[in-house]
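Trainee: I'd like to learn how the labels on a model get justified. Could we go through this one together?
Mentor: Happy to, let's look at the structure.

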Amino acid sequence: MKKQFILSIDQGTTSTRAILFNHQGQDVFMAQREVFCLFPRSGWVEQDALSLWVSVIDVINEVLVKANVTMDDIDSIGITNQRETTVVWDKKSGLPVYNAIVWQSRQSSSICDKFEKDKKLIHQKTGLLINPYFSASKIRFILDHIPNGQKRAEKGELMFGTIDSWLLYKMSKGALHMSDITNASRTMLFNINTHEWDTDLCRLFNIPMIMLPKVKPSSYDYGVASFFPGEVHIHGVAGDQQAALFGQTCFNKGECKNTYGTGCFMLMNTGDEPVYSKNGLLTTIAWQIKDKITYALEGSVFIGGAIVQWCRDEMKLISSAAQSEEEAYKCHSSHGVYVVPAFVGLGTPYWDDEARGAVFGLTRSTNKHHFVRACLEGIAYQCKDVYDIMRKECHIDSSFNSLKVDGGATVNKYLMQFQADILPANIYVPSCLQLTALGAAYLAGLSSGFFKDLHEVSAIHCIKERYTPTLTKTEINKLYRGWKNAVKATQAFKRI
Ligand code: ADP
């Protein structure tokens, strides 16, 4: 008999979720636990890897209790996870030898500085830009900061994994040391052309290959989750942004999703060939199903929904994030005001670490409504910058204009309508808001047979809202010119 549910685990930086999806791809039961970051020094971000594992056990138990089912009702397990976060553990004891170093952490910056000269080679092999975000310098950091780290790693006593590997290892009681290809492609040690760990890069970072996991497709029978009762297999694994791209059913070249969270993450399916960006977009593996590898371009906006939090917490202009929408609708335009949210510099395509936030176009009649509206527009303009570059580098036909969206800020109707207007593109908001977990469930279900094929997945995927563009080309150009001028002036301003 067909089992009722897929169990999807979403292990993120701030929380861990377990969600049960049914045959219609609906998220019917969910359990969630907050997880905590440690900040041992300024710019350092770590997590206790064992606590992450315990949070997974907790949410799995809770979701089964909530649904009043057992593991026998579960068809298969999908895992999606915060990417790049690095765990090194002892092979014998199965215990971490250092805290997990979180993707955001800058603690391996000085290691990266040494490899500036190799950035071309690294980009060509991995699609990534040299940066402490990625795992290679974090592994190096750990091996340099534990007693006899290098020696123990060379002897095969230590194992490395991103969070997917760590969970696979724990869920299988140490039987599996594997990683999915999307997670591997964020380590800066994986060659996205040959689809293997790269010996040159491992040599460069002096990382013994013996500590690396075996790399497998995203939709694949990884083996039994023997820590739990029953015989349930893990059938799908992908990094969070790639899982969201899959969950949004961006199965075809040119299809694109944007996640509006604290920051924004945009990914575009570029088909079966990697596209190398000249504007600082990352090239990454979107997923692998059987032998077929699909690539993506990725760009990010540092400050997305965070500017709404800033309006609420620092500026006290609104009392809730939801109020930003009400404020925006209280005026007919932003009255020529532009807010450039360069609080931590500007990302794609400007790459300016020195830039800081700025406001332009204030007049005696500018009020709070205009300002809050301009803040929301600032999110949308930044996303347009990334969208335009991505489509240009990918040679996407200008007649194809569509963006699938998810994340906390997509509930803001003003933001979504303005985004549709300024791109211009049709914007689609899916019914299921747990897109990341949904992507992992789709990947698992395709491998286990819970879902027949991509057509079935596309057919059950539901759209909740659609926004269509309403501005003329001339209106868009005028508004966007103002934004470009504002960015230029922001960059020209130098702090003393
Ligand atoms: P993350 O995964 O990065 O924590 P979420 O997807 O949970 O992010 O989204 C949280 C972000 O969404 C916050 O930055 C918050 O300010 C923003 N947000 C939430 N509700 C709204 C709203 N109604 N309008 C605009 N932004 C919102």
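Trainee: What makes the link between the side chain of Lys384 and the backbone oxygen of Ile422 a polar contact?
Mentor: A polar contact is a pair of N or O atoms within 3.5 Å; within protein, one must be able to donate a hydrogen and the other to accept it, and residues adjacent in sequence count only if both atoms are side-chain atoms. The side chain of Lys384 reaches that oxygen at 3.2 Å, so the pair falls within the 3.5 Å limit. Keep in mind that this is a predicted model, where local features need pLDDT of at least 70, side-chain atom pairs count only at pLDDT 80 or more, and totals for chains, interfaces and linings use all residues. Residues are numbered from 1 along each chain as its sequence is written, and side-chain values use heavy atoms, with hydrogens and water left out.

Trainee: Why is Lys384 called buried?
Mentor: Buried means under 20% relative accessible area, exposed over 50%, and partly exposed in between, with a 1.4 Å probe and protein chains only. Lys384 has 6% relative accessibility, so it counts as buried.

Trainee: Where does Lys384 lie, and which residues does it touch?
Mentor: Lys384 is part of helix H12, residues 368-393. Helices (H or I, at least four residues) and strands (E, at least two) are DSSP runs, numbered from the N terminus. Setting aside residues up to four places away in sequence, Lys384 touches Gln419, Ile422, Leu423 and Tyr480; contact means heavy atoms within 4.5 Å. Lys384 and Leu423 are 39 residues apart along the chain, yet their C-alpha atoms are separated by 5.7 Å.

Trainee: How do you know that helix H13 is largely enclosed by the rest of the structure?
Mentor: Eight of the 10 residues of H13 (residues 413-422) are buried, so the label follows. Among them are Tyr414, Phe418, Gln419 and Ile422.

Trainee: What makes Asn412 a cap for the N-terminal end of H13?
Mentor: A side-chain oxygen of Asn412 lies 3.1 Å from the backbone nitrogen of Tyr414.

Trainee: Why is Asp352 called buried, and which partners does its side chain have?
Mentor: Asp352 has 12% relative accessibility, so it counts as buried. Asp352 sits in the loop between strand S19 (338-340) and strand S20 (358-360). Its side chain reaches the backbone nitrogen of Glu354 at 3.0 Å and makes a polar contact with the side chain of Gln491 at 3.1 Å.

Trainee: What about Thr85: buried or exposed?
Mentor: Thr85 has a relative accessible area of 0%, so it is buried. Thr85 is placed in the loop between strand S5 (74-81) and strand S6 (86-90). The side chain of Thr85 makes a polar contact with the side chain of Gln82 at 2.8 Å. Leaving aside neighbours within four places in sequence, its contacts include Trp103, Gly161 and Ile163.

Trainee: And the chain as a whole: why is it called as compact as a globular protein of that length?
Mentor: The protein chain has 16 helices and 23 strands. Its radius of gyration is 22 Å, close to the 23 Å that the globule rule gives for 496 residues, so the description fits. The radius is taken over C-alpha atoms, and the rule is 2.2 Å times the number of residues to the power 0.38.

Trainee: How many of the 496 residues count as buried?
Mentor: The share is 60%.
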